[in-house]
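Reader: I am new to this structure and should like to understand the terms applied to it. Please explain on what grounds each description rests.

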Amino acid sequence: MNKVILQPSGNKDAREHFLDTIETNVNLTRIGPHISVNDFQVLQDIYPSGSCKVWGVTPGGSNQTKWSRIETGDITLFSREGSIYASAVTTYKLHCHSLAAELWNYNADGQTWEYIYFLDELRGLSISYATFNDAVGYKPSYIIQGFSVLDASKSAAVIQAFDLQSSVFYADISKDECLEAISYLTSLNETEAEIQSSRRLEQGYLQKHLFGRKTVGTCAGCNRDYPVSFLVTAHIKRRSQCTLEERIDHHVVMPLCSMGCDQMFEKGYVSVLDGVYVDMKKTPSSHHLQKCIDQLAGKLCTYYNDATRPYFEWHYDYSR
Ligand SMILES: [Zn+2]
């Protein structure tokens, strides 16, 4: 489950950092010399534009323990002067003293902000502490003090209240962890919130398989590149018809763009037969829809293989 990170940023250092490395993007070439080749490759996948947003905390107090709990997909809330003024989604983290010194220099105690995390999807907000306290269940007079990470239930309440969930960045989760969590959630008398959590776990797991950490991907229909938020993790076999095992088989999905390919496939206007997209001649149709179908029909589907074939056969029979 994604967590909420509270990041008060009212003091001079924090204000400067927000301006210098959040509002202003940092070029990856400035970061590269300080980190491993592997970490640099990951950042290039996350930030194909070549620049990123980055934040860090000092080793003081229990900061290191709190930072170790941060995961991809966690939401940071920046606050000062009685309100939360921005949110951003965690994309990656690493510990690096020299990079922190390069980006932010040192504070008066000779420390630097070496527990680093990278962010994206920056959003301006205006949430008063009173409104926040009400959502999270704190006393009305509570004031956010110091860097902290909220527990699961408080995080869920805040994310839901202010609609902060990312559709691009999900927590890293193994197949076993995913299966275990979904089985557990399914065993409960499912409430709407639990059904949503279960779907999000699955979605995150399958999306990681399709795109890794990349934020731009290719549609399996039209073969055009789009940001991942425009690519649906489309079920070849309808999710509602899948067994629990099939639901987390990564062969059951392929990326289809929300510019049309996903809808044509989802509604059964096109399907795949022997690895080739086919027009299913569904009605009602229209001149403009037919043009879109014609662009797809006859093309090879690159996601068709021995493992995905049974799912495509299901889709073809279902769409006939
Ligand atoms: Zn497409």
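Reader: How many residue pairs are in polar contact across the interface of domain 1 and domain 2?

Author: In this predicted model, the rule finds three such pairs across that interface, both residues being at pLDDT 80 or more. On the domain 1 side, helix H3 (37–46) and strand S5 (83–95) each supply at least two residues that touch domain 2. Helix H3 gives the most, with three residues. The residues of this side divide into four nonpolar, two polar and one charged.

Reader: Why is the pair of aspartate 45 and lysine 214 called a salt bridge?

Author: The closest N and O atoms of aspartate 45 and lysine 214 are 3.9 Å apart. A salt bridge requires a side-chain nitrogen of Lys or Arg within 4 Å of a carboxyl oxygen of Asp or Glu, and therefore the pair qualifies. The rule finds one salt bridge across the interface of domain 1 and domain 2.

Reader: What is the area buried between domain 1 and domain 2?

Author: That area is about 500 Å², of which carbon and sulfur atoms give 53%. Seven residues of domain 1 are in contact with five residues of domain 2, and 36 Å separate the domain centres, taken over C-alpha atoms. The domain assignment gives 4–162 as domain 1 and 200–319 as domain 2.

Reader: What makes threonine 233 count as buried?

Author: Threonine 233 has a relative accessible area of 6%. Buried means under 20%, so threonine 233 is buried. This threonine is found in strand S10 (residues 231–235). Leaving aside neighbours within four places in sequence, threonine 233 is in contact with residues including Leu206, Phe211 and Val253.

Conventions. Residues numbered from 1 in each chain as written. Predicted model: local features only at pLDDT ≥ 70, side-chain atom pairs only at ≥ 80, totals over all residues. Heavy atoms only, no water. Helix = DSSP H or I, 4+ residues; strand = E, 2+ residues; numbered from the N terminus. Buried < 20%, exposed > 50% of the residue type's maximum accessible area, 1.4 Å probe, protein only. Contact = heavy atoms within 4.5 Å. Domains from an automatic or database assignment. Buried area = accessible area lost by both parts, 1.4 Å probe. Polar contact = N/O pair within 3.5 Å; in protein donor to acceptor, adjacent residues only side chain to side chain. Nonpolar A, V, L, I, M, F, W, Y, C, P; charged D, E, K, R; others polar.
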